[in-house]
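Student: I have a new structure to look at, and I would like to learn how to read it. Could you walk me through it step by step?

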Amino acid sequence: MAILIGVIALAVIPNIQRSRESKDLTTLDNIMSALNVAAANARLSDGTYTITYDTSGNLTGSDDILPKFKESIGEGKQVLGSSAGKDHAIKGTVVVASGVATITVEADGAGNLSYTEKDDGSKDLKVTSTTGSSGATS
């Protein structure tokens, strides 16, 4: 019986981690979407604007974009739960140049989790860790 429990645990634990990574990517996707809406609604001039969720999920950011971001995402806290994202703050950056916004969302600048929207509208999602990496593009 103990052997069966051990085998099942070895099969389930990696799936739990993948589920946490998937949830982290959904969180980053939601933040990216909210930044897109906020950037459009705030009518930002050329410059760099940031929002940051600390490791407890508390939100701070540039006064020019923060109110519109809160309208879009709501008041809930955003935190990461995977081993790659755990204990990392989430930082969103909007860089506006000549009226074109480039938006990046990442975990603590460490690059462990990142979500970037390219100029052509495609999106890159990536999870990396010290033991390996997996990625998806949508």
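Student: Let me start with a pair of strands. Which residue stands opposite V94 in β3?

Tutor: Keep in mind that this is a predicted model. To read strand pairing, look across from one strand to its neighbour. Here Y49 stands opposite V94 in β3. The two strands involved, β1 and β3, run antiparallel and are joined by seven bridges.

Student: What is the bridge partner of V94 in β4?

Tutor: That partner is I103. Strand β3 covers residues 90–97 and strand β4 covers residues 100–107, and eight bridges pair them in the antiparallel sense. Another facing pair is V96 and A101, the latter in β4.

Student: How do side chains sit along a strand?

Tutor: In a regular strand, side chains alternate between the two faces of the sheet.

Student: How many residues lie between β3 and β4 in their hairpin?

Tutor: There are two residues between these strands, and one of the turn residues, S98, has a positive phi of about 55 degrees. A backbone angle is a good thing to check in a turn. S98 has this positive phi although it is not a glycine.

Student: Is S98 buried or exposed?

Tutor: For this, look at the relative accessible area, where a value over 50% counts as exposed. S98 has 70% relative accessibility, so it is exposed. Its place is in the loop between β3 and β4.

Student: Which residue follows α1, and what is the sign of its phi?

Tutor: R43 follows α1, and its phi is positive, near 50 degrees. R43 is not a glycine either. You will find R43 in the loop between α1 and β1. With a relative accessible area of 74%, R43 is exposed.

Student: How far apart are the end C-alpha atoms of helix α1?

Tutor: They are 59 Å apart. To judge such a value, compare it with an expected span: at 1.5 Å a residue, the 41 residues of α1 (residues 2–42) should span 60 Å, so the two values agree.

Student: Which residues of α1 are buried?

Tutor: Among them are Q17, E21 and D24, along with L25, L28, I31, M32, L35 and A38. Some of these names come back when we look at the core.

Student: Which residues touch the most other members of the largest nonpolar core?

Tutor: They are I31, L35, I51, I65, F69 and V94, in a core of 23 residues. The elements that give two or more residues to this core are α1, β1, α2 (66–73), β3 and β4. Helix α1 gives the most, with eight residues.

Student: What is I65 in contact with, leaving aside its neighbours within four places in sequence?

Tutor: A contact list shows which parts of the chain come together. For I65, the list is L35, A38, A39, L44, Y49, T50, I51 and V94. You have met Y49 and V94 already, as the pair that stands opposite each other.

Student: Where is G47, and what does it touch?

Tutor: G47 is in strand β1, which covers residues 47–53. Not counting residues up to four places away in sequence, G47 touches V94, V95 and V96. Its relative accessible area is 25%, so G47 is partly exposed. It also helps to compare distance in sequence with distance in space: G47 and S98 are 51 residues apart in sequence, and their C-alpha atoms are 9.5 Å apart.

Student: How many helices and strands does the chain have?

Tutor: There are two helices and seven strands. Reading from the N terminus, the order is α-β-β-α-β-β-β-β-β. Buried residues make up 33% of the 138 residues in the chain.

Student: Where does pLDDT stay under 50?

Tutor: That happens over residues 128–138, for which the model has 18 contacts beyond four places in sequence. Where pLDDT is low, the predicted coordinates should not be read in detail. Over the chain, the average pLDDT is 78, and 78% of the residues score at least 70.

Terms used: Residues numbered from 1 in each chain as written. Predicted model: local features only at pLDDT ≥ 70, side-chain atom pairs only at ≥ 80, totals over all residues. Heavy atoms only, no water. Helix = DSSP H or I, 4+ residues; strand = E, 2+ residues; numbered from the N terminus. Expected span 1.5 Å × (residues − 1). Buried < 20%, exposed > 50% of the residue type's maximum accessible area, 1.4 Å probe, protein only. Pairing = 2+ DSSP bridges. Contact = heavy atoms within 4.5 Å. pLDDT = per-residue confidence, 0-100. Core = buried A, V, L, I, M, F, W, Y, C linked by side-chain atoms within 4.5 Å.
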